[in-house]
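User: I am new to this structure and would like to understand how its descriptions are justified. Could you take me through the reasoning step by step?

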Amino acid sequence: MSVPISFLSDFGHTDEFVGVVHGVIARIAPTARVIDVTHGIGRGDVHGGAMALTRAVQFMPDGVFLAVVDPGVGTERQAIAARTSIGYFVGPNNGLLAPAVAMVGGSDLIVSLEDQRFQLPSSGATFHGRDIFGPVAAVLATGQAEITDLGPELPADAVTPLLIPLAEPDGRGAIKATILWIDTFGNIQFNIGPDDLTGLGLSTGDDVTVAFAMMEHRITWGGAYGDVDEGEAVVHVDSHGQIALGVNGGHAADDFDARVGDSMVLGRPGGGNRLEITGVATT
Amino acid sequence: MSVPISFLSDFGHTDEFVGVVHGVIARIAPTARVIDVTHGIGRGDVHGGAMALTRAVQFMPDGVFLAVVDPGVGTERQAIAARTSIGYFVGPNNGLLAPAVAMVGGSDLIVSLEDQRFQLPSSGATFHGRDIFGPVAAVLATGQAEITDLGPELPADAVTPLLIPLAEPDGRGAIKATILWIDTFGNIQFNIGPDDLTGLGLSTGDDVTVAFAMMEHRITWGGAYGDVDEGEAVVHVDSHGQIALGVNGGHAADDFDARVGDSMVLGRPGGGNRLEITGVATT
Amino acid sequence: MSVPISFLSDFGHTDEFVGVVHGVIARIAPTARVIDVTHGIGRGDVHGGAMALTRAVQFMPDGVFLAVVDPGVGTERQAIAARTSIGYFVGPNNGLLAPAVAMVGGSDLIVSLEDQRFQLPSSGATFHGRDIFGPVAAVLATGQAEITDLGPELPADAVTPLLIPLAEPDGRGAIKATILWIDTFGNIQFNIGPDDLTGLGLSTGDDVTVAFAMMEHRITWGGAYGDVDEGEAVVHVDSHGQIALGVNGGHAADDFDARVGDSMVLGRPGGGNRLEITGVATT
């Protein structure tokens, strides 16, 4: 018997990296099911991988969470496994695992993956997904080893944190929000929730001012894209419960020329003599 | 026990959307196998998704067909499940399901997916693949619910049709055909079969005139790409039994600058004083 | 019962080709597990497919190896199955299978896939992955047929070889190496191993001269990317035990403007009055 392994990486689908990790797991744990969360994380984008893992984790079955976005492979960063209430997280200790582990209530046991009995030997550079993380995920999924067999225990706070920007309310009806995610459809997700907007005195149906790149836009807080005309922007609560900015039938990130990590100021209209522009030009 | 779920969408592989739907299904139906038909349908391309589903359906195992290409998500379009001779089709009622359902003999029972017992709650906008279609596919695959449990029955003709262009013979030895599909190798598939060409008095081995974009090309009706020289175009019956236009070792759609929905006129050579051009320049 | 099928192709993920082959296999062999090695091989790139299969095969579970990169489909090239010590290889006889079959010790039985009982009928051009190779993989994985049922036996040397360039030592401290693979991260893998460099009198930690495109670079032979500064090139033994050239935090192939099949001359520094350039400009 085996629990499922949910697998996320930045390996992409051009090379055989994902398939080889599946193969290694299948050799160690022939009955283990591997669910590919995504392998489309930007190369070495630890922040993007951590956000995707955090968004996904609550929808995946309990089991093992194998995550590999590892620009520091071959350096001193540790390889770890962390036990949580929903199963084990396995990956590099570079911030990738921290938000998801925190979201599920934290970890009560963390080990450094040092015992080479549970690793593949490599004649050259180690491909950690293949040689360390995949094998460890397989033995944990099947119970072929206890987590404490895998290496020395680390302190409770050993999981490297990830810096997630805090939203900054200005106390005068506006809040500086930072973009956490832009999805493939161009939707912009902020680090604020609906409570942050209601705290400014705004309600669904109101217009919201969105200041970015020397421009201020006036955009409806709607319930769905269909609440605005084609090509119009809409502020809404997205399917993860976060405040997001989309364009009906369009690509908000391209239209606003916005990137993950950029900040926008959302606020109550009429808060001063700032330029007000209704809608956004789509090109 | 569970029947397989064949899953098609326009979610792509950049974000975790596909993985999250797999996760939701695995939580509800741990033994259900999900086969990814493709997630490479163009964003919101209902016609392209419907064509791919129709081409694929006869090769997939009986079970549940989960299809999500849904530019109207959040509007009034219904979410439906339709019972057919090979299993259940689940998706938005926007034309995506219609040609495949028709191809397998139609549906004898259609319901509107309204019963929230079989849906995930969402704190914001609904991600219907994750919150409605995935869970419904899982409960149908495992028999945890009857289709009639999922919501009110709809009339027999409730599946929204998809307009598929009809070929137009001119009665004088030519037929106007429309492009249904251009595959990743650049092959052009028309909405006509070999009977349409034989009806014009043409046989395999003959030259066919293909008029497009103010040009007329004279192209052999061959059995395989290898029947013409490298870089030459060939009319042939493709692996779905449809008339298609390919270029040996090339990319027909790029060479002809053709798109899905464009029409070309295929006919018997010598049908008048039209310009005849042999072959196609490949660049 | 069934053994796993490891599946590699150049089908990509835009169309439903991969899903349809999965579907065909699931209909014939409902319990067979299919592991996707990769479908990102360049269109018709037999050499690239053969290299990926060879790199992957030692990490995949014993079973059936289904590989389809087939620019000659529809021509005279044979469709074959080859029995080896780790299972069956199924695919076109165009060089794709040869290096992997050789790597696992060769084949003791090869057949030409001609028996149409184990093929799907097609009303037009044959899609061999769907109509021949997939069904054959399924029947071999489940034991529904013996390999000798599938078609006539071929001579022991019937597997079409793939020409892999040999490294050429000049006898004066340098070796001409050819690029076998450039991965998605831009790493350049050569057709030489560490023994070839030690044979020139070089050791880990030494500088190596790398001559390419009228330029000579002086590059450290390091153990990991972290051994050189960000943006610096490093010669190393990669995770397959081959000599490779990478750039720490960069994309070596772009930086050097190198392609698979290009040759570089690696050697001992000070071997003459050749221009010596330290590092490589990254743009």
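**Where two domains meet**

Analyst: In this predicted model, domain 1 of chain A and domain 2 of chain A bury about 400 Å² between them, and carbon and sulfur atoms give 63% of that area.

User: Which residues of domain 1 of chain A lose the most area to domain 2 of chain A?

Analyst: They are A:His47, A:Met51 and A:Arg55, which together account for 88% of what the side of domain 1 of chain A buries. By class, the side of domain 1 of chain A that touches domain 2 of chain A has two nonpolar residues, one polar residue and one charged residue.

User: How do you know how many salt bridges cross the interface of domain 1 of chain A and domain 2 of chain A?

Analyst: A salt bridge needs a side-chain nitrogen of Lys or Arg within 4 Å of a carboxyl oxygen of Asp or Glu. Across the interface of domain 1 of chain A and domain 2 of chain A that rule finds zero salt bridges, and the count of residue pairs in polar contact, both at pLDDT 80 or more, is also zero.

**A sheet in chain C**

User: What makes strand 2 and strand 7 of chain C edge strands?

Analyst: The open sheet of seven strands in chain C runs in the order 2-1-3-5-4-6-7, with mixed pairing. Strand 2 (34-38) and strand 7 (153-154) of chain C each pair on one side only, and are therefore its edge strands.

User: In which sense do strand 3 and strand 5 of chain C pair, parallel or antiparallel?

Analyst: Strand 3 (residues 63-68) and strand 5 (residues 87-92) of chain C pair in the parallel sense over four bridges; since two strands pair if there are at least two bridges between them, the four bridges satisfy that rule.

Conventions: Residues numbered from 1 in each chain as written. Chains lettered and ligands numbered in written order. Predicted model: local features only at pLDDT ≥ 70, side-chain atom pairs only at ≥ 80, totals over all residues. Heavy atoms only, no water. Buried area = accessible area lost by both parts, 1.4 Å probe. Polar contact = N/O pair within 3.5 Å; in protein donor to acceptor, adjacent residues only side chain to side chain. Nonpolar A, V, L, I, M, F, W, Y, C, P; charged D, E, K, R; others polar. Helix = DSSP H or I, 4+ residues; strand = E, 2+ residues; numbered from the N terminus.
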